[in-house]
Amino acid sequence: MKLHGYFRSSASYRVRIALNLKGLGADHLPHHLRKGEQRDPAYLALNPQGLVPTLQDDQGAIITQSLAIIEWLEETDPEPPLLPKDPLRRAKIRAFAMALACDTHPLQNLKVLGRLRQIGLSEEQVTEWAAWANREGLSACETLIADEPGPFCFGAKPTIADLCLVPQLANARRFGVEVAAFPRLLKAEAAAKNLKAFADAAPERQPDAE
Ligand SMILES: N[C@@H](CCC(=O)N[C@@H](CS)C(=O)NCC(=O)O)C(=O)O
């Protein structure tokens, strides 16, 4: 398989964790987002959104959107599971993951922040916007798992919720969010970061890290 990504991309980071947890190898093909390489015509032919990640499987099939990729990996390589069997638990875990992947991360991705600069926001206003988006999303997630004993977001093993949480906390810190306000999320992050699969997927461990 080939994973098109970027070391600092949190959506790529989610997929790297899933691949590592499932023990699946992939060639990592970096696209430098700050240099605009995600908009090269050759890459747009794979992913018309001009976003990373994109996964190409060993038959050449192309899958975009990190959560779609992760669910596909879950269906084709179910061990270890990243979702439990119980339908209600699955729905709750997906809701947590989507609160970050659908309602938080898109508000603060490179393209949106670039557009805010274009329409005249100062660098300080852009950072405050991104911090606000992270605070809103993480604060809801803190409440969503307040009664979950953990140590991971949902139980004793990592799920797709943890795959979304760890990269989002990294983003939040980059935008200056005071993450100590989210003790339950930090507990899950600490449990995750103890696992080699998470540690090896970290941005600073990627070959294209700067
Ligand atoms: N919902 C998409 C989000 C993908 C996304 O926003 N990727 C960012 C990096 S984390 C990107 O490629 N940004 C490039 C840009 O904004 O131009 C997913 O989960 O795959």
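**Exercise 1. Work out how the ligand is held.**

Start with R14: an N or O atom in the R14 side chain is 3.2 Å from an oxygen atom of the ligand. That fits the cut-off for a polar contact, a pair of N or O atoms within 3.5 Å; within protein, one must be able to donate a hydrogen and the other to accept it, and residues adjacent in sequence count only if both atoms are side-chain atoms. Before going on, note that this is a predicted model, where local features need pLDDT of at least 70 and side-chain atom pairs count only at pLDDT 80 or more, while totals for chains, interfaces and linings use all residues. Residues are numbered from 1 along each chain as its sequence is written, and side-chain values use heavy atoms, with hydrogens and water left out.

Next, take Q38, which has a polar side-chain atom 2.8 Å from a ligand oxygen. V52 uses its backbone instead: one of its backbone N or O atoms lies 2.8 Å from an oxygen atom of the ligand. Now for the area: the ligand taken alone exposes 510 Å², and the protein buries 92% of that (Shrake-Rupley method, 1.4 Å probe; for residues, only the protein chains shown count as cover).

Finally, look at the whole surroundings. There are 16 residues around the ligand, and Q38, V52, Q65, S66 and K111 come nearest (a residue is near a molecule or strand if one of its heavy atoms lies within 4 Å of it).

**Exercise 2. Find the backbone oddities.**

Go back to V52: its peptide bond to P53 is cis, with omega near 15°. P53 sits in the loop between α2 (41-44) and β3. Helices (H or I, at least four residues) and strands (E, at least two) are DSSP runs, numbered from the N terminus.

Then try E79 and P80, which are also joined by a cis peptide bond, with omega about -15°. You'll find P80 in the loop between α3 and α4 (87-101).

Last, check Q65: this residue is not a glycine, yet has a positive phi of about 70°. Q65 belongs to the loop between β4 and α3.

**Exercise 3. Lay out the sheet and the helices on it.**

First, the order: the open sheet has 4 strands, β2-β1-β3-β4, with mixed pairing. Two strands pair if DSSP finds at least two bridges between them. At the edges are β2 (27-30) and β4 (62-64), each pairing on one side only. The twist averages 20° from one strand to the next.

Second, zoom in on β1 (residues 2-5), which runs parallel to β2 and is joined to it by 4 bridges. K2, for instance, has D27 in β2 as its bridge partner.

Third, add helices. Helix α1 (residues 10-21) packs on the sheet and touches β1 and β2, and its direction makes about 155° with that of β1. Helix α3 (residues 66-76) also packs on the sheet, touching β3 (54-56) and β4, at about 125° to the direction of β4. Contact here means heavy atoms within 4.5 Å. Axes are lines fitted to C-alpha atoms, for helices over the stretch in contact, and angles run from 0 to 180 degrees between N-to-C directions.

**Exercise 4. Are α1 and α3 roughly parallel or roughly perpendicular to each other?**

Take the angle: α1 and α3 pack at about 10°, with their axes 9 Å apart. So α1 and α3 are roughly parallel to each other (under 35 degrees counts as roughly parallel, over 145 as roughly antiparallel, 65 to 115 as roughly perpendicular and the rest as oblique). On the α1 side the contact is made by A11, R14, V15, A18 and L19, and on the α3 side by S66, I69, I70 and L73.
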